[in-house]
Amino acid sequence: MTDKKKNLSEISFTPHKQFSPQQVRIGVVVSQWNNAITDNLRDGAVNTLLEYGIPKNNIQICSVPGSFELPSATVMMLEADDKMDAVICLGCIIQGETRHFEFIAQAVADGIMKAAIDYATPVIFGVLTCNDMQQAIDRSGGKHGNKGVEAAVSCLQMIDFQRSIC
């Protein structure tokens with residue numbers, strides 16, 4: 001039986017020999033909505049990329065108004081820079097009193113997946129979909145770690161995977 005991880009930051013990455021972090025370019029698209037949470041996600045992702053040797057100049061950070069804009073900003077970023085190896089999408093959608101949460105969360109997930117498939121490029125879903133603010137706090141540097149760290153490690157793993165199969 002596998003143990004269920006309870007901390008998002010417990011994920012790690014061991015690259016293949018041909019992985020060269022100095023040559024990796026990564027976009028990070030961050031939602032401004034719930035920015036107390038998304039700023040923590042951004043910082044976790046960027047610090048993790050730096051720890052794994054990605055040069056600061058090779059990390060392009062862009063802000064968008066909300067999570068709904070993450071997929072289109074990702075496509076714009078990939079269109080503008082054909083040397084982009086991956087894009088990390090970071091956002092936070094918190095359940096409200098209406099079904100708006102469901103529509104936004106589904107549209108964002110579908111859009112991020114579509115961008116990844118259309119561009120055959122790793123596009124990482126680092127969007128929290130929480131029932132309340134406390135869950136978001138717990139997953140953006142609180143007791144459950146930081147989803148931004150997880151997104152950055154997933155990003156590096158996918159870049160490594162893509163390079164190892166080609």
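Is R163 buried, partly exposed or exposed? In this predicted model, R163 is partly exposed, with a relative accessible area of 27%. I should like to use that residue as the entry point to the charged pairs of the structure, and then turn to a nonpolar patch on the surface.

The side chain of R163 meets that of D85 in a salt bridge, at 2.9 Å from N to O. The pair connects distant parts of the chain, the two residues being 78 residues apart. On one side, D85 sits in the loop between α2 (70-80) and β3 (86-94); on the other, R163 belongs to helix α5, residues 147-165. What is the relative accessible area of D85? The value is 16%, and D85 is therefore classed as buried, since the limit for that class is under 20%. This salt bridge thus joins a buried aspartate to a partly exposed arginine.

In total, the count comes to 6 salt bridges. As a general remark, side chains of opposite charge can pair when their charged atoms come close.

Let me now move to helix α1, which spans residues 35-51. Which residues are joined into one network by salt bridges that share partners? They are D39, R42 and D43. R42 pairs with D39, where the closest N and O atoms are 3.4 Å apart. Both of these residues lie in α1, and their separation of 3 residues is about one turn of the helix. R42 also forms a salt bridge with D43, and here the closest N and O atoms are 3.0 Å apart.

As to the surroundings of this network, R42 has a relative accessible area of 24% and is partly exposed. D39 falls into the partly exposed class as well, at 26%. For D43 the figure is 34%, again partly exposed.

Finally, I return to helix α5, where I165 is located. How exposed is I165 in terms of relative accessible area? The figure is 56%, so I165 counts as exposed, the threshold being over 50%. I165 forms a nonpolar patch on the surface with M158 and F161. Taken together, these three residues offer about 300 Å² of accessible area.

To close, helix α5 holds both R163, the partner of D85 across the chain, and I165, a member of the nonpolar patch. In helix α1, by contrast, R42 pairs with D39 and also with D43.

Key
Residues numbered from 1 in each chain as written. Predicted model: local features only at pLDDT ≥ 70, side-chain atom pairs only at ≥ 80, totals over all residues. Heavy atoms only, no water. Salt bridge = Lys/Arg side-chain N within 4 Å of Asp/Glu carboxyl O. Helix = DSSP H or I, 4+ residues; strand = E, 2+ residues; numbered from the N terminus. Buried < 20%, exposed > 50% of the residue type's maximum accessible area, 1.4 Å probe, protein only. Patch = residues over 30% accessible without salt bridge, like charges linked within 9 Å, V, L, I, M, F, W, Y side chains within 5 Å. Areas by Shrake-Rupley, 256 points an atom, 1.4 Å probe, with all protein chains shown as cover.
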